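Visitor: Hey, got a minute to walk me through this one? I'd like to start with the helix packing and then wander.

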Amino acid sequence: MRGLLITIEGMDGSGKTTQIGLMKAFLEGNNYKVLMTREPGGTVIGEKIRELILDKEHQEMSFIAEALLYSASRAQLVSQVIKPALSRGEIVICDRFVDSSLVYQGKGRGLGYDEVKKINDFATQGLEPDLTLLFNIDPEESLKRISVRGKEDRLEQEKLPFHQQVHSAYKDLAAMFSDRIIVINAGQPIETIQKEIEDILMSLLEEGDYNEVSNCNCP
Ligand code: TYD
């Protein structure tokens with residue numbers, strides 16, 4: 001039995017968290033078993049790595065060390081949480097995954113997509129999402145929302161040019177992986193986005209035989 005891996009991507013402040021909560025409620029309301037997790041983090045080891053990466057004191061962290069730490073957290077999450085849940089037939093919703101490393105480290109930090117993809121293929125043992133929802137907002141709007149929230153982390157405190165790079169990288173990925181990435185206009189009202197996502201989920205679930213094997217109403 002194989003579940004589904006749905007990843008959520010987008011710039012900081014794009015409203016991912018709100019929609020992830022709504023998605024979980026929608027899927028559970030339709031009797032699917034859902035596991036929600038996030039990156040970096042999602043395991044005891046991963047949360048420690050998260051603190052290490054995002055700590056504003058760690059200004060000296062090399063970009064390569066940063067990329068390896070994100071992928072180390074991801075390796076732990078994949079083997080401890082995601083793979084077991086998928087083999088139980090569950091729907092895994094992951095707040096950020098490899099695409100985040102491709103855009104933030106590959107393009108934002110200038111390490112290159114190919115290099116970052118290589119270390120991540122190793123970390124994830126080649127696991128790819130079935131669907132990725134990419135929440136698109138302008139970098140200017142993203143920065144505005146982050147600053148309203150206050151308490152920026154080490155990545156969030158980067159200036160506009162960095163966030164512009166990240167934004168353009170997400171655009172690259174949407175073109176490169178158009179078979180699995182769906183771009184959501186995150187500037188719309190919450191209810192509009194929610195409805196759009198629910199329609200996407202319904203058509204994904206109706207595809208193939210996922211419904212038959214994984215609906216948790218099954219004996
Ligand atoms: P996130 O948990 O989404 O931030 P928050 O919950 O505070 O909104 O991600 C933390 C930061 O880490 C975010 O700025 C994006 C960055 N990030 C990377 O640079 N590379 C990665 O691989 C991941 C997963 C996140």
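**Helix, sheet and ligand**

Guide: Sure. Helix 4 (residues 98-108) lies across strand 1 (4-10), strand 4 (131-136) and strand 5, and it runs at about 25° to strand 1. Keep in mind that this is a predicted model.

Visitor: Is helix 4 mostly enclosed or left open?

Guide: Nine of its eleven residues are buried, so helix 4 is largely enclosed by the rest of the structure. The buried ones include Val 98, Leu 102, Val 103 and Tyr 104.

Visitor: What do those buried residues pack against?

Guide: On the strand side, they pack against strand 1, strand 4 and strand 5. The helices they pack against are helix 3 (63-87), helix 5 (113-124) and helix 7 (160-176).

Visitor: And what follows helix 4?

Guide: Gly 110 does, with a positive phi near 80°.

Visitor: OK, over to the sheet. What's the strand order?

Guide: The order is 2-3-1-4-5, in an open sheet of five strands with parallel pairing. Strand 2 (34-38) and strand 5 (181-185) stand at the edges with a single partner strand each, so one side of each has no neighbour in the sheet. On average, neighbouring strands are turned by 20° against each other, direction ignored.

Visitor: How many bridges join strand 2 to strand 3?

Guide: Five, with strand 3 covering residues 91-95 and the two running parallel. For instance, Met 36 has Ile 93 of strand 3 as its bridge partner.

Visitor: What about strand 1, is that buried or exposed?

Guide: Buried: seven of its seven residues are, so strand 1 is largely enclosed by the rest of the structure. Both faces are covered, with Leu 4, Ile 6, Ile 8 and Gly 10 on one side and Leu 5, Thr 7 and Glu 9 on the other. In a regular strand, side chains alternate between the two faces of the sheet.

Visitor: Which residues partner Ile 8 and Gly 10?

Guide: Ile 8 is bridged to Asp 95 in strand 3, while Gly 10 has Phe 135 in strand 4 as its partner. Strand 1 is joined to strand 3 by five parallel bridges, and strand 1 also pairs with strand 4 in the parallel sense over five bridges.

Visitor: Changing topic: which residues come nearest to the ligand?

Guide: Of the 17 residues around the ligand, the nearest are Tyr 70, Arg 74, Arg 96, Ser 101 and Gln 105. Ser 101 and Gln 105 are also among the buried residues of helix 4.

Visitor: What are the polar distances like?

Guide: Gln 105 has a polar side-chain atom 2.8 Å from a nitrogen atom of the ligand. An N or O atom in the Lys 16 side chain is 3.4 Å from a ligand oxygen, and a polar side-chain atom of Glu 156 is 3.4 Å from an oxygen atom of the ligand.

Visitor: How much of the ligand does the protein bury?

Guide: The protein buries 90% of the 560 Å² that the ligand exposes when taken alone.

Visitor: Last thing, backbone oddities. Where is the cis peptide bond?

Guide: From Glu 39 to Pro 40, with omega near -15°. Pro 40 is in the loop between strand 2 and helix 2 (44-54).

Visitor: Which non-glycine residues have positive phi?

Guide: Among them are Asn 31, near 65°, and Gln 125, near 55°. Asn 31 sits in the loop between helix 1 (16-29) and strand 2, and Gln 125 in the loop between helix 5 and strand 4.

Visitor: What are their relative accessible areas?

Guide: Asn 31 has 30% and Gln 125 has 48%. Asn 31 counts as partly exposed, and Gln 125 is partly exposed as well.

How values were computed: Residues are numbered from 1 along each chain as its sequence is written. This is a predicted model: local features need pLDDT of at least 70, side-chain atom pairs count only at pLDDT 80 or more; totals for chains, interfaces and linings use all residues. Side-chain values use heavy atoms; hydrogens and water are left out. Two strands pair if DSSP finds at least two bridges between them. Helices (H or I, at least four residues) and strands (E, at least two) are DSSP runs, numbered from the N terminus. Axes are lines fitted to C-alpha atoms, for helices over the stretch in contact, and angles run from 0 to 180 degrees between N-to-C directions. Contact means heavy atoms within 4.5 Å. A residue is near a molecule or strand if one of its heavy atoms lies within 4 Å of it. A polar contact is a pair of N or O atoms within 3.5 Å; within protein, one must be able to donate a hydrogen and the other to accept it, and residues adjacent in sequence count only if both atoms are side-chain atoms. Accessible areas come from the Shrake-Rupley method with a 1.4 Å probe; for residues, only the protein chains shown count as cover. Buried means under 20% relative accessible area, exposed over 50%, partly exposed in between (1.4 Å probe, protein chains only).
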